Amino acid sequence: MTRLVRRRRRPARSGEERLTDSARLVDERLGASPLLKAAMKYLFPDHWSFLLGEIALYSFLVLVATGIFLTFFFEPSTAPTIYDGSYTPLVGAQVSEAYASTVDISFDVPAGLLMRQAHHWAALVFVVAIVLHLMRVFFTGAFRKPRDINWLIGVTLVTCALIEGFLGYSLPDDLLSGMGLAIAYGVALSIPAIGGQLAVLLWDGSFPGSADFIGRMYIVHVLLLPVTIAVLITAHLAIIVRQKHSQFPGPGRREDNVIGTPMWPAYALRALGMMLATAALLFLLGGLVQINPIWQYGPYQPYLGTNGAQPDWYMGWLIGALRLMPGFDVTVGDYTLIPNPFWGGVLFPTVVFGVLYAWPAIERRIAKDYRRHDLLDRPRDAPLRTAFGAAFFTWIAVIFVAGAADRLLVDIGFPYESQVWYFRVLAIALPIPIFFLVRRICRELRASEVRPLRAWTGTLVRRRPDGSFEELGDGSGTSPDSPRRAPGRRA
Amino acid sequence: MSRPPARSPRGELIVVCALLAAGAFSVAFVLLYAFDANTQLLAVSLGLAVGALALAGVVAGKWVVDQRKAVEARPRLVDEALEREVAGTIVQGAEGVSRRRLIVGAAAAAGAGVTAAAVAPLASLGPGDVSAQLKATPWRAGVTLVDDNGDPIGVDQLEVGSWLTAFPRGGDPRQLGASIVVVQVAEEYLDLPPERRDWAPRGIMAFSKICTHAGCAVALFRYPTYEPTSQRPALVCPCHYSTFDVGRSSKVVFGPAGRPLPQLPLRIEPDGTLVAAGDLSGAIGPAWWGVRRS
């Protein structure tokens, strides 16, 4: 009898019932259903510019994945070794373990070059996405209360990403990385009063430092900074979820609501697609577009240098500042107090990051606006902010381009000395007209009726057969998406 | 918002095809990896596999599943009653405690002391007087100049307008103060101060190779090729183009460097080899707080 009961087929159970059972298994232990429900219902307002931060997040995931692969093969040591891998031009050369292991990753570890180059490309894209995301947040006023706290975390993330990237390409101990570290050493030495102590402390001796130095950079690069970045990203996202996304103004969109696509199913699938698309692009770049071929640069020695050497792009603004700063030291008699690298290497980034950190407070004071803002501005809605931002980023961009002055000399023969003068003049003179021009454009756009980013807010009419018109309502408040597709939107 | 989701058979078909393609490319990647294919093929197969998955995700998210948007209220972050309650609870916790200020003051003192005790051991990391380390150089009077193979450098290896990198015999070439640049210039370009007149036999001069601006190797040498328009012979750092006029004891004539390159006095031995006739004339490498400029 029992056998019969056992063998009787159970009634077919639907997918929903089975999922309910699975949820029960979890809930009996964690009570996670309320959280899952909230997560699936979380709303994402749609705008292409909101994807920039996502791309940064996905690049970070690719960085972590490819970076873990690389740690299994990289040897963070300056101990000398004789290279005997499959890159024949270097065979027999005395190089450091760090350099040899990086060349081995590139030539002798299966898929090693793909992972190494994808890691490097991901680092470049990571910083690009962060910087563009920062500009998006700036120009739309998304840094205003209550998101000012997330702005501070974001600017901190930029600094962490820059240092992390610099340490990353400094690890292989090739000629390019060594030249970059020499400059970093010069900048560290230039810090008033404590520079000498600090540089000797960091490098464990004078440059190029003790055998421990690469190990120090390595632990910061693979543990301290990645964990810091991960924690900051987690806080960044948790705060967003708590406050819910900001949104651009539009039909039905108010300060006190959010209109958007729910996480499940549409947004989760799109975000997954975006993440995979980012990864696909990075792997294609990593395998098809060569980057940082250290076997061509050769190993670093402090007495070697090459003309036209360029760092990763995100260091360009600092190189440019070091180039443009006139030869001026603070001196007393025959003694140097503040050497020249301080101005471009320390003071300039301090000013830039200082302005970025302080901007939410500065704007609150100027605009006397202490309210909470959850609706975004279009850039024209805040002419002063947009004009200031345009001038500020122009200033940095000119200095950034000046960082490539040596390439302009080597590639097209543009004399270096005159370039430096042109860029100095541009860096000082260009931001001022940009400020007034952009402020004017913002005011004109605001005064006109051209509002391409805002949804149409007129009245829908239909023509009757007899030639008269029938009103169909103004379209606002009924549906968040149908009026956006209304004909004559740009009329 | 109540519009039912529009079905998209075409979207579903694309998703299925993309998923199948992703699977196929993934298998291709594994096979290529197993047969040790080159980086380009690995990248294309992996990129297409992940890219096809991405396509499936985007098409499914944008055309196949429900596209309806929703509205929800934004949370109020401020609850004044709750804030008062929190403040009240904190104050309540301290009720009945007399001499509260004394306790707080003592705690602050203890905190400062403990912090100092925790931070103090950091000093064991720290260097003492660093300037000796920063200035360290193996050059002394009588040290022979050698090339990167350790062979002595003779005057016959140089001609007017040529240059080379040299190291001290027996020194560590990686030490920042070790590498020097040796240049030979025509006598007409020599414009040395009186005390350095005999530092440049036959117009041969030696300078520290480490730029005094930011520590790069001064790896470029500019020598006049056409007298009427050329500039004077100079060493140039490729990092930020600090330019040092060698005939004038490497005076800075362009760029951000704040000090000349330290010069090494030279003399020529009877057998023609080059030997240091003294110490370097100043502190090598980038400047720091309190270093002498010359």
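**A sheet shared between chains A and B**

In this predicted model, A:G260 stands opposite B:A70, a residue of strand 1 of chain B. A second pair can be found in the same way: within strand 1 of chain B, B:V71 is the bridge partner of A:I259. These pairs introduce the meeting of two strands from separate chains, as strand 4 of chain A (residues 257-262) pairs with strand 1 of chain B in the antiparallel sense, over 4 bridges.

The pairing belongs to an open sheet of 3 strands, with the order 1(A)-4(A)-1(B) and antiparallel pairing. At its edges lie strand 1 of chain A (43-44) and strand 1 of chain B, each of which pairs on one side only. Helix 11 of chain A (residues 263-288) packs on this sheet, where it touches strand 1 and strand 4 of chain A. The direction of helix 11 makes about 70° with that of strand 4 of chain A.

Helix 11 of chain A also has a helical neighbour to consider. Two packed helices are described by the angle between their axes and the distance between the axes. For helix 4 (residues 51-71) and helix 11 of chain A, the axes come within 9 Å and cross at roughly 55°. Helix 4 of chain A is therefore oblique to helix 11 of chain A. The crossing of helix 4 of chain A past helix 11 of chain A is right-handed. Which residues of the two helices meet? Helix 4 of chain A brings A:L51, A:E54, A:I55, A:Y58, A:S59 and A:V62, while helix 11 of chain A brings A:A271, A:M274, A:M275, A:T278, A:A279 and A:L282. By type, the residues of this contact divide into 9 nonpolar, 2 polar and 1 charged.

Stepping back to the two chains as wholes, 72 residues of chain B are in contact with 78 residues of chain A. On the chain B side, the elements that give two or more residues are helix 2 (39-64), strand 1 (70-73), helix 5 (131-135) and strand 9 (251-254). Helix 2 of chain B provides the largest share of that side, with 16 residues. The chain B residues touching chain A comprise 42 nonpolar, 20 polar and 10 charged.

Finally, the layout of chain B itself can be described by domains. The domain assignment of chain B gives domain 1 (9-64) and domain 2 (134-276). Taken over C-alpha atoms, the centres of these two domains of chain B are separated by 59 Å.

Notes:
Residues are numbered from 1 along each chain as its sequence is written. Chains are lettered from A and ligands numbered from 1 in the order in which they are written. This is a predicted model: local features need pLDDT of at least 70, side-chain atom pairs count only at pLDDT 80 or more; totals for chains, interfaces and linings use all residues. Two residues are in contact if their C-beta atoms, placed from the backbone, lie within 7 Å. Ala, Val, Leu, Ile, Met, Phe, Trp, Tyr, Cys and Pro count as nonpolar, Asp, Glu, Lys and Arg as charged, and the others, Gly among them, as polar. Two strands pair if DSSP finds at least two bridges between them. Domain bounds come from an automatic or database domain assignment. Axes are lines fitted to C-alpha atoms, for helices over the stretch in contact, and angles run from 0 to 180 degrees between N-to-C directions. Angles under 35 degrees count as roughly parallel, over 145 as roughly antiparallel, 65 to 115 as roughly perpendicular and the rest as oblique. A crossing is left-handed if the near helix is turned anticlockwise from the far one by less than a right angle, and right-handed if clockwise.
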